[in-house]
Amino acid sequence: MHTHSTYSDGVFTPAQLVLRAVSRGVKLLALTDHDETDGLAEAAEAARGLDIVLVPGVEISTTWNNHTVHIVGLDIDVQSPRLVEGLASIRRCRGERATRIAAQLDAAGIAGSLPGAARHAGDSAAIGRSHFARFLVEQKHVRNTTDAFRRYLGSGRVGYVAPVWPALPQAVDWIRCAGGRSVLAHPDRYHLTRQVLHNLLEAFASSGGDAIEISADGRFKSSAQVRLARRFGFALSSGSDFHGPGTNVPDVGEATQIPVGERAVWQELRTGK
Ligand code: AMP
Ligand code: MN
Ligand code: MN
Ligand code: MN
């Protein structure tokens, strides 16, 4: 329920992603590129006639309480005007941010990062930090992308520019207008204290959020995440957040299992019925 293609910062085209998912036994796949739905047509085309159902999705960058929080929208109508306009506005912000990131890297002695990142942006209409990270690896400024975030692109580093994302309730509303379900992506990855995480879940619930993702790779046990979901009335979602093959990251189809008897978000989708 959570994957990326070359239309954001994934390394496979939508068609390659679908074929990889099929070969790994995935029956229900959501493509959820960052702030972008243009890869969905190619994915749907590739899935036609194969033993897989494609869920149209998106992962929206939002701000809540000065934290960047990602909201996955599942089963969305990609032509919904408010969603279309909202995502376009985020991509415009990404363009402005990319220019500023490049200027800051330039001042730090790293030249050519804007065209460099653009070369790594694939089919994506907007540049993100992953594309800068790949440029920094390519130019041997760092050994790997984790290093690129730690040394240049992460919060407080020389290439960091505070993003301007829409507020969380706004994104949930766009997804609702598009007939979709909202999922709080990877709640264990925001480095929040327990109390602040509770505040986030409360804000997400009162915005009309539907589900939270569980994962086993973060700081919280998935059983604790399940308990939190129950407490706030959320369904559960699970996804690998697959961007491409690499060490230590789950491949497509390797998401955490949702415990038997718990409410899974895909039981409530129109797609696949
Ligand atoms: P952006 O939305 O442009 O700010 O970029 C965020 C994306 O960068 C995430 O979706 C991840 O794919 C990637 N990312 C974030 N932090 C790291 C990290 N520490 N190491 C590698 N990739 C990261
Ligand atoms: Mn990403
Ligand atoms: Mn994310
Ligand atoms: Mn993601």
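Asp9 has a relative accessibility of 8%, and since buried means under 20%, Asp9 counts as buried. His243 has a relative accessibility of 24%, so His243 counts as partly exposed. These values, like the others in this report, come from a predicted model.

Both residues belong to a metal site. The manganese ion (ligand 2) has three protein donors, namely Asp9 (OD), His34 (NE2) and His243 (NE2), which lie 2.2 Å from the ion. Along the sequence these donor residues follow the spacing D-x24-H-x208-H. Asp9 is in the segment before helix 1 (14-23) and His243 is in the segment after strand 6 (235-237), so this pair ties together parts that are 234 residues apart in sequence.

A second site holds the manganese ion (ligand 4). His2 (NE2), His4 (NE2), Glu59 (OE) and Asp241 (OD) coordinate this ion at 2.1 to 2.2 Å. The spacing of these donor residues in sequence is H-x1-H-x54-E-x181-D. Here too distant parts of the chain are linked: His4 sits in the segment before helix 1 and Glu59 in strand 2 (residues 53-64), 55 residues apart. His4 and Glu59 are both buried.

How far is the manganese ion (ligand 2) from the manganese ion (ligand 3)? The two ions are 5.7 Å apart. The manganese ion (ligand 4) and the manganese ion (ligand 2) are separated by 4.8 Å.

Ligand 1 is surrounded by a set of residues that includes Asp9, His34 and His243, which are also the protein donors of the manganese ion (ligand 2). Others around ligand 1 are Arg94, Arg97, Gly128, Arg129, Ser130, Thr146 and Phe149. Three arginines each place an N or O atom at the distance shown from an oxygen atom of ligand 1.

| Residue | Part of the residue | Distance to an oxygen atom of ligand 1 |
|---|---|---|
| Arg94 | side chain | 2.8 Å |
| Arg97 | side chain | 2.5 Å |
| Arg129 | backbone | 2.8 Å |

The last topic is empty space inside the protein. A search of the whole structure turns up one cavity of 30 Å³ or more. The largest cavity has a volume of about 40 Å³. Which residues line the largest cavity? The lining consists of Pro187, Leu197, Leu201, Ile212, Phe220, Gln225 and Leu228. Sorted by class, six of these residues are nonpolar, one is polar and none is charged. Helix 8 (194-206) and helix 9 (222-232) each contribute at least two residues to this lining.

Conventions
Residues are numbered from 1 along each chain as its sequence is written. Chains are lettered from A and ligands numbered from 1 in the order in which they are written. This is a predicted model: local features need pLDDT of at least 70, side-chain atom pairs count only at pLDDT 80 or more; totals for chains, interfaces and linings use all residues. Side-chain values use heavy atoms; hydrogens and water are left out. On a 1 Å grid over the protein atoms alone, a cavity is a set of points where a 1.4 Å probe fits but cannot get out, and a pocket is an open set with protein on both sides within 12 Å along at least five of seven lines; lining residues have an atom within 4 Å of a point. Grid points are joined across faces, edges and corners, and a volume is the space filled by probe spheres set on the points. Helices (H or I, at least four residues) and strands (E, at least two) are DSSP runs, numbered from the N terminus. Ala, Val, Leu, Ile, Met, Phe, Trp, Tyr, Cys and Pro count as nonpolar, Asp, Glu, Lys and Arg as charged, and the others, Gly among them, as polar. Donors are N, O and S atoms within 2.8 Å of the metal (3.2 Å for Na, K and Ca); water is not among the atoms, so sites may look incomplete. Buried means under 20% relative accessible area, exposed over 50%, partly exposed in between (1.4 Å probe, protein chains only). A residue is near a molecule or strand if one of its heavy atoms lies within 4 Å of it. A polar contact is a pair of N or O atoms within 3.5 Å; within protein, one must be able to donate a hydrogen and the other to accept it, and residues adjacent in sequence count only if both atoms are side-chain atoms.
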